[in-house]
Amino acid sequence: MSLSILVVDDNDINLKIASLMLKRLGHQADLAKNGEEAIKALENRRYDIVLMDIQMPEMDGIEATKIIRQRWDYGPKIIVVT
């Protein structure tokens, strides 16, 4: 079963590595570079898992997680990656 995954990180190398690792496991991941992009992605698609970096520009992972928990009752699983 393939999961719907969003990877959120401001580092391009981290995004690429996470994407490749998930692909090897049979999952396709969408990518976001900060918390604001993550919120926009969640407005357009339901995700099973969000892999969230903590320190990012624009909106950090802590603030993004708070907003996600307030706005989406189903609440994707959020895993902190730093």
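**Close-up views of a predicted model**

**Figure 1. Helix 2 has a buried side and an exposed side.** In this predicted model, helix 2 covers residues 35-44, and its buried residues are Gly35, Ala38, Ile39, Ala41 and Leu42. Look down the axis of helix 2 and these buried residues fall within an arc of 160°, so they line one face of the helix. Why can residues that are not next to each other in sequence point the same way? An α-helix has 3.6 residues a turn, so residues three or four places apart end up pointing the same way. Over on the other side of helix 2, Lys40 and Asn44 are exposed. What do the buried residues of helix 2 pack against? Their partners are strand 1 (5-8), strand 2 (29-32) and helix 3 (61-71).

**Figure 2. Asparagine 34 caps helix 2.** Now zoom in on the N-terminal end of helix 2, where asparagine 34 forms the cap. One of its side-chain oxygens lies 2.9 Å from the backbone nitrogen of glutamate 36.

**Figure 3. Tryptophan 72 sits in a loop and touches helix 2.** The loop holding tryptophan 72 runs between helix 3 and strand 4 (77-80). Is tryptophan 72 buried or exposed? Its relative accessibility is 13%, and anything under 20% counts as buried, so tryptophan 72 is buried. Set aside its neighbours within four places in sequence, and tryptophan 72 is in contact with Ile39, Leu42, Glu43 and Ile67. Take leucine 42: it is 30 residues from tryptophan 72 in sequence, yet their C-alpha atoms are 8.8 Å apart in space.

**Figure 4. Leucine 6 is one of the best-connected residues of the largest nonpolar core.** This core has 16 residues. Those with the most contacts inside it are Leu6, Val8, Ile39, Tyr47, Val50, Met52 and Ile68. Strand 1, helix 2, strand 3 (49-52) and helix 3 each chip in at least two residues. Which element gives this core its largest share? That would be helix 2, with four residues. Leucine 6 itself, leaving aside neighbours within four places in sequence, is in contact with Asp30, Leu31, Ala32, Ala38, Ala41, Tyr47, Ile49, Val50 and Leu51. There is also a second, separate core of eight residues, including Val7, Leu22, Ala29 and Ile49.

**Figure 5. Histidine 27 is a buried loop residue.** You'll find histidine 27 in the loop between helix 1 (12-24) and strand 2. Histidine 27 has 14% relative accessibility, so it counts as buried. Its side chain reaches the backbone nitrogen of leucine 3 at 2.9 Å. Not counting residues up to four places away in sequence, histidine 27 touches Met1, Ser2, Leu3, Ile5 and Leu22.

**Figure 6. Zooming back out, the protein has three helices and four strands.** From the N terminus on, these elements run β-α-β-α-β-α-β. The radius of gyration is 12 Å, close to the 12 Å that the globule rule gives for 82 residues, so the protein is as compact as a globular protein of that length. Its C-alpha trace spans about 30 × 25 × 20 Å along the principal axes. Of the 82 residues, 40% count as buried. Among contacts between residues at least 6 apart in sequence, 66% join residues at least 24 apart. As for the outside, the accessible surface comes to about 5,300 Å², and 51% of that belongs to carbon and sulfur atoms.

Note on methods
Residues numbered from 1 in each chain as written. Predicted model: local features only at pLDDT ≥ 70, side-chain atom pairs only at ≥ 80, totals over all residues. Heavy atoms only, no water. Buried < 20%, exposed > 50% of the residue type's maximum accessible area, 1.4 Å probe, protein only. Arc of directions from axis to C-beta. Contact = heavy atoms within 4.5 Å. Polar contact = N/O pair within 3.5 Å; in protein donor to acceptor, adjacent residues only side chain to side chain. Rg over C-alpha atoms; globule rule 2.2 N^0.38 Å. Areas by Shrake-Rupley, 256 points an atom, 1.4 Å probe, with all protein chains shown as cover. Core = buried A, V, L, I, M, F, W, Y, C linked by side-chain atoms within 4.5 Å.
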